Amino acid sequence: MDVQMRPGVQALIVPSKKFKTVRIDVHFLKNATVAELAPRTLVANLLETSTQRYVNQIQFTHALSAMYGASFGVGAGKKGNLHDIGFSITVANDHYTGGQSLVRMAIEFLNEVISHPLASNGRFDEQTFARQKTNLINYVDSATEDKQFWASQQLRKLAFGANRIQGVPSYGRRADLQNLQNEQVYATYLSMLRHDLVHISVSGDVDEQKVLEDLAILELPERKVRLGSVITKFNSLPKPRHRVANQAVQQARLNLAYDIPATVVSDNFHAAVVFNALFGGSPQSKLFLNVREKAGLAYYASSSLDLYNGLLTVQTGIEASNYAQAKQIIQQQIVDLQAGQFTESDLTSIKAGLRSDYLAGLDLQRTIHRRGLNEYLLGFHRPAEQWLNDLDRVGAAQIVEIARQLKPRAEFFLNGDND
């Protein structure tokens, strides 16, 4: 059941007896600018650690323990054009607690976390703010030490530009984090609380009406929200963008980006998914078998899809001296797919793997919540039976068509050869 609790506040209730837990997610979504990413991410970190009632981590942890060891987390991420601050709590089903309503307790806890942070006079607690700001900066610094992550971010910056949120990590820019002031971040929190689109989802063995009554305690006023499209289809570039960076690394990274003519709601969505799995998105893929296994040119080679922004990316770890050969053989896999050089057996095997992964996801509460949120934001519902039928109908001609429409967009090479 999907209902509007009040303007700008949406709730999705998914009753199911197959889960022994009840999961509750609350998402705050906004068309954010690049400059807003850093303060919004710090808000998420601040709200995860303390509240007016639970002023330190010990009290916070005890509150979760009182709910039979409930799991809880807050995160910040991007979804197409949107920035998302998400709260999630999972508790045991009330049937296993001797009549105690953990669902009600969990919702009360979420309300405390979201609406009553450790703050006063327009500022977060100063010690908490300083600690969480430092922790976030340290996390960003450590993330850049993951060279594949860093190379992937450099590729997205090339592909989309540094002034679009698609080209910047979800936590924003380090310089913005460094310059954040307490009052500024608190103002960002108030804006989130009052103006973001709110999407709540609950799954488990629950009574729909009772859950809606309990959710009413959340202090979320009605708001007027005009979110733009989640999907952005970027125009092709006149010519691909290239960048080389030199660092003292043992393993070079060659990352490539291609425009792909598909989105999460387009008719050729499944064709793009199958193409990606055949090209580089699975252990049976051409990149894995031909670039990594047969040619031995890469420590790893894979591809991934971003169908909110029409992008296919390739990630590889290689010896710097193998750059030209690795790039050539990657391109050859696309040429082969354009020529239909794959068997019906290949296609059947790839689709079987995708079917298995999809069905496994239906047994995970987090997957149910993610799909429910996506469908609400997209205004598009694809039932499981239709999803599987559309997958089965993908044929060789559709794969060839996708391959032929790929257009190189960007290339980033992290060169480990400093000689």
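## Val 291 and its surroundings

Val 291 has its place in helix α10, which spans residues 286-294. In this predicted model, the residue has a relative accessible area of 1%, and because the cut-off for buried is under 20%, Val 291 counts as buried.

Once residues up to four places away in sequence are set aside, the residues that Val 291 touches are Lys 286, Gly 296, Leu 297, Ala 298, Ala 301, Ile 329, Ile 330 and Gln 333. One of these, Ile 329, lies 38 residues away from Val 291 along the chain, yet the C-alpha atoms of the two are separated by 6.7 Å.

## Strand β5 and its two partners

Strand β5 covers residues 82-92, and 10 of its 11 residues are buried, so the strand is largely enclosed by the rest of the structure. Strand β3 (residues 21-30) pairs with β5 in the antiparallel sense over 10 bridges, and within this pairing Asp 25 has Ser 88 of β5 as its bridge partner.

Strand β4 (residues 71-79) also pairs with β5 in the antiparallel sense, here over 9 bridges, with Gly 77 standing opposite Asp 84 of β5. Together β4 and β5 form a hairpin that leaves 2 residues between the strands, and Gly 80, which lies in the turn, has a positive phi of about 60°.

## Nonpolar cores

In soluble globular proteins, nonpolar side chains tend to be buried together. The largest nonpolar core of this model has 57 residues, of which Ile 24, Phe 72, Phe 87, Ile 89, Phe 109, Ile 200 and Leu 215 touch the most other members. Helix α3 (residues 102-115) gives the most to this core, contributing 8 residues.

For Phe 109, leaving aside its neighbours within four places in sequence, the residues in contact are Tyr 54, Phe 60, Ala 63, Leu 64, Met 67, Phe 72 and Ile 89. A second core, separate from the largest one, consists of 54 residues, and among them are Val 230, Val 274, Ala 326 and Leu 337.

## Thr 367 in helix α13

Thr 367 lies in helix α13, which runs over residues 365-378. Its relative accessibility is 5%, and Thr 367 therefore counts as buried. The side chain of Thr 367 reaches the backbone oxygen of Gly 361 at 3.5 Å, so that this polar side chain has a contact that falls within the 3.5 Å cut-off for a pair of N or O atoms.

Methods
Residues numbered from 1 in each chain as written. Predicted model: local features only at pLDDT ≥ 70, side-chain atom pairs only at ≥ 80, totals over all residues. Heavy atoms only, no water. Buried < 20%, exposed > 50% of the residue type's maximum accessible area, 1.4 Å probe, protein only. Helix = DSSP H or I, 4+ residues; strand = E, 2+ residues; numbered from the N terminus. Pairing = 2+ DSSP bridges. Polar contact = N/O pair within 3.5 Å; in protein donor to acceptor, adjacent residues only side chain to side chain. Contact = heavy atoms within 4.5 Å. Core = buried A, V, L, I, M, F, W, Y, C linked by side-chain atoms within 4.5 Å.
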